[in-house]
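Here are a few notes to go with your first look at this one. Have the viewer open and take the points in order.

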Amino acid sequence: DWTPDSFVETTIAELKAKLGDDKVVLGLSGGVDSSVAAVLLHHAIGANLHCIFVDNGLLRKDEFQSVLDSYQHMGLNVRGIDAKQRFYDALAGLTDPEKKRKAIGRVFIEVFDDAAHEIQGVSWLGQGTIYPDVIESVSVKGPSATIKSHHNVGGLPDFMKLKVVEPLNTLFKDEVRKVGAALGIDQNILGRHPFPGPGLAIRILGDITPEKVDILQQADAIYINNLRSAGVYDKVWQAGAIYLPVQSVGVMGDERTYENVICLRAVESLDGMTADWCHLPYDLLAKISNEIINNVKGINRVVYDISSKPPATIEWE
Ligand code: XMP
């Protein structure tokens, strides 16, 4: 019978046998899958697992540092790389969602390849691929798919010539969470909402600037913190704020304002393929809206997305 504990035990033994004294490089995203894969590999091969966590400047407010701290706390051999500017430079002026995704994928590969080269004698690439990624590898939009879509763009980066080790590729998401819990991984990582690889870049409609990222991070943090303190966060499948490049008129004291709109999105779903908008309590929405408008400079209006998937998608891009 499958149990998380038996999976952990046999997988660690198999990884030890397979990898011996070899070195593995693995990209951490802050998400559940890569984190669980890393901890399993760490149990098997210790410091021969070299983790790389890239700050693409498109994560939630303070998330890079807090997740990096958690990883270090878990004893992982992890290197954090600040590549914000490289991503912002590559995104400058791009408005098409797919072009933005491609640019982010390309820069990630460059940054990761540079970092992987600095590890002497690495022979394996560790990945947090789970079973649904394997069966949907054509349509899935995860980081592994981003990498796949670059297979045919010139030569392969060196890290993609490495042998691949994917300890979670027989598991479904709920099983990954159970394995993570059996490994003692923090609920702050295991219980987190799904977050797209391109991050806030697809929650800022149109072109990306560091100023817009800053505004969205502030609004999103107010939103998510309120969901947490209201005890709603764990009941929602995914939530996030979206920056609309639309200006509307408002008043502040005696002044007329002409500023941007933040949209709040929260959905219930099983797998992201279909989703219903969440009926968040009105007083919670009112509190969040007031806090955002009163505290985030550049925003004078907040709206709530009441569209389900299909026909709308979860993300706006
Ligand atoms: P949509 O917007 O297609 O999103 O309804 C379904 C789920 O997929 C996530 N998503 C992405 N994840 N890279 C990712 O890693 C992407 O480019 C991407 N686009 C959407 C989205 O957050 C939701 O969970």
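1. Before anything else: what you have on screen is a predicted model. Keep that in mind as you go through the points below.

2. Start with the core. The largest nonpolar core has 76 residues. Those with the most contacts inside it are V24, L26, A38, L41, C51 and A219. If you want a general backdrop, nonpolar side chains in soluble globular proteins tend to be buried together.

3. Which helix gives the most to this core? That would be α2, spanning residues 32–45, with nine residues. And where does the core sit? Domain 1 (4–190) and domain 2 (203–304) both contribute residues, so the core lies between them.

4. A38 is a handy residue to click on. Leaving aside residues up to four places away in sequence, A38 touches L26, L28, L49, C51 and L76. Two of the names there, L26 and C51, are also listed with A38 among the residues with the most contacts inside the core.

5. Now turn to α3, which runs over residues 63–73. Which of its residues are buried? They are F64, V67 and Y71. Looking down the axis of α3, you'll see the buried residues fall within an arc of 80°, so they line one face of the helix. The spacing fits a general rule: an α-helix has 3.6 residues a turn, so residues three or four places apart point the same way.

6. What do the buried residues of α3 pack against? Three strands: β1 (23–28), β2 (49–55) and β3 (78–82). Swing round to the other side of α3 and you find Q65, D69 and H73, which are exposed.

7. Both sides of α3 along the chain have a backbone detail to check. In the loop between β2 and α3 sits D62, whose phi is near 60°, a positive value in a residue other than glycine. Is D62 buried or exposed? It has 10 C-beta neighbours inside 10 Å, and 12 or fewer makes a residue exposed, so D62 counts as exposed. Following α3 comes G75, where phi is also positive, near 90°.

8. Last, have a look at the segment after β9 (299–304), where P310 is found and where P311 has its place as well. The peptide bond from K309 to P310 is cis, with omega near -10°. The bond from P310 to P311 is cis too, with omega near 10°.

Note on methods. Residues are numbered from 1 along each chain as its sequence is written. This is a predicted model: local features need pLDDT of at least 70, side-chain atom pairs count only at pLDDT 80 or more; totals for chains, interfaces and linings use all residues. A residue is buried if 20 or more other C-beta atoms lie within 10 Å of its own, exposed if 12 or fewer, and partly exposed in between; C-beta atoms are placed from the backbone. Helices (H or I, at least four residues) and strands (E, at least two) are DSSP runs, numbered from the N terminus. The arc is that of the directions from the helix axis to the C-beta atoms. Two residues are in contact if their C-beta atoms, placed from the backbone, lie within 7 Å. A nonpolar core is a set of buried Ala, Val, Leu, Ile, Met, Phe, Trp, Tyr and Cys residues joined through C-beta atoms within 7 Å. Domain bounds come from an automatic or database domain assignment.
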